[in-house]
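Let's walk through this model together, strand by strand and contact by contact. Have the sequence and the 3D view open as you read.

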Protein chains: 2
Amino acid sequence: MAIDHLDARLIVLLAREPRIGVLEMSRRLGVARGTVQARLDRLQSQGVVRGFGPEVDPAALGYPVTAFATLQIRQGQGPDVRAHLATVPEVLELHTTTGSGDMLCRLVARSNADLQRVIDRVVGFEGIVRASTAIVMENPVPLRIIPLVEQAAQDRERG
Amino acid sequence: MAIDHLDARLIVLLAREPRIGVLEMSRRLGVARGTVQARLDRLQSQGVVRGFGPEVDPAALGYPVTAFATLQIRQGQGPDVRAHLATVPEVLELHTTTGSGDMLCRLVARSNADLQRVIDRVVGFEGIVRASTAIVMENPVPLRIIPLVEQAAQDRERG
DNA sequence: GTATCGGCTGGGCATTCTGCCCAGCGGAGG
DNA sequence: CCTCCGCTGGGCAGAATGCCCAGCCGATAC
């Protein structure tokens, strides 16, 4: 569950140069190849590293508009709403959150005009009482994990 | 910018089995190795596929609590607030959104109690007027891109 | 103190894949 | 009709992988 400094360096290296091989990693980190292999296996089996799926940019696919929608759900309709939203490709992510039985979802669309279509499709479902949407303008901090990895490694060193 | 069906199949295959090699992909897709290599190069140079960074699970690192915070920023303090939030490891993501000059950020914490510490650190900055936080309970749809990829490929086929 | 265990090292091995080259083919567009 | 451009299918040397081993060392347990 906790990771040490070598694990952190490994993850950081992998994040910077994903196509790197195990042998090259062992050279960069100054440890034996078997060690790198064992650490990687451990990180994956522990679930710290879930995988190495390709990161696809929605904008490059023709979906440059991102928005977050807060949904208010009618009592007991949660499961149905989830199933409905899962069928909408433009829903990239869905969370249920505290606060008046709400959900928060991330949407993408081809344009601001197209966003209307997406929202219509999202809320065109009886279980949804109200939707409030915020369009993303800038993304000063893109989804990142490296700082947290380093933090976790340091916590362990000290703790 | 638009992708065809083969591109989509390639991305889906890569998402399902990230550690797969180019040769094996060519076998699975029923095309020549050079074709796969050329497609992959194109997808990456076009920015459709940004990379293959490791997907790290914050929960496995000891941060099982996720929250979204909506921040209200004092006029003109945007840049400072961005810089401040970028220094907090628990801030995984930050967006500026429409609606009263707000920002939306994704946070993680070691526990609900620890979330208080994180929020204190986030809002302990003069440019932030108000923060409203929603704790994530469930994540029915984890961040995904495959349905959108397939959608984009179909749009191109028809269009 | 001593024994045991787990992790790391450094090496070797056959197999496989990569990166790079080529000529040829066929459809799309000028 | 001709010229691109993408795909094919093949070959090549070099490199990496997966898998094995014995040995070393520090920490922990007895």
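**Strand pairing within chain B**

- In this predicted model, B:Ala67 has B:Ile135 of β6(B) as its bridge partner.
- β3(B) and β6(B) are paired antiparallel through seven bridges; two strands pair if DSSP finds at least two bridges between them.
- Strand β3 (residues 65–73) of chain B also pairs with strand β5 (residues 102–109) of chain B, again in the antiparallel sense, and here there are eight bridges.
- Within that second pairing, B:Gln72 sits opposite B:Asp102 in β5(B).
- Strand and helix names follow DSSP runs numbered from the N terminus, with strands (E) of at least two residues and helices (H or I) of at least four.
- As a handy reminder when you look at side chains, those of a regular strand alternate between the two faces of the sheet.

**How to read the labels**

- Residues count from 1 along each chain as its sequence is written, while chains are lettered from A and ligands numbered from 1 in the order in which they are written.
- Because the model is predicted, local features need pLDDT of at least 70 and side-chain atom pairs count only at pLDDT 80 or more, whereas totals for chains, interfaces and linings use all residues.

**Where chains A and B meet**

- Chain A brings 60 residues to the contact and chain B brings 60 residues; residues are in contact if their C-beta atoms, placed from the backbone, lie within 7 Å.
- Elements of chain A that each supply at least two residues to this side include α1 (5–16), β4 (91–97) and α6 (146–158).
- The top contributor on the side of chain A that touches chain B is β6(A), with eight residues.
- That side of chain A holds 38 nonpolar, 12 polar and 10 charged residues. Here Ala, Val, Leu, Ile, Met, Phe, Trp, Tyr, Cys and Pro count as nonpolar, Asp, Glu, Lys and Arg as charged, and the others, Gly among them, as polar.
- Strand pairing crosses between the chains too: β4(A) runs antiparallel to strand β6 (residues 128–141) of chain B, joined by three bridges.
- A:Thr96 lies opposite B:Glu138 of β6(B).

**How the two copies are related**

- A turn of 180° with a shift of 0.0 Å along the axis lays chain A on chain B with an RMSD of 0.0 Å, after least-squares superposition on the C-alpha atoms of residues with pLDDT of at least 70 in both copies.
- The two copies are therefore related as by a two-fold rotation axis.
- A:Phe52 has the C-alpha nearest the axis in chain A, 2.7 Å from it.
- Both copies use the same surface, as 100% of the contact residues of chain A recur in chain B.

**Around the DNA**

- Residues surrounding DNA strand C include A:Val31, A:Thr35, B:Leu23 and B:Glu24; a residue is near a strand if its C-beta atom, placed from the backbone, lies within 6 Å of it.
- α3 (33–45) of chain A and α2 (22–29) of chain B each give at least two residues to the surface near DNA strand C.
- That surface near DNA strand C comprises five nonpolar, four polar and one charged residue.
- For DNA strand D, the surrounding residues include A:Leu23, A:Glu24, B:Val31 and B:Thr35.
- α2 (22–29) of chain A and α3 of chain B each supply at least two residues of the surface near DNA strand D.

Conventions:
Two residues are in contact if their C-beta atoms, placed from the backbone, lie within 7 Å.
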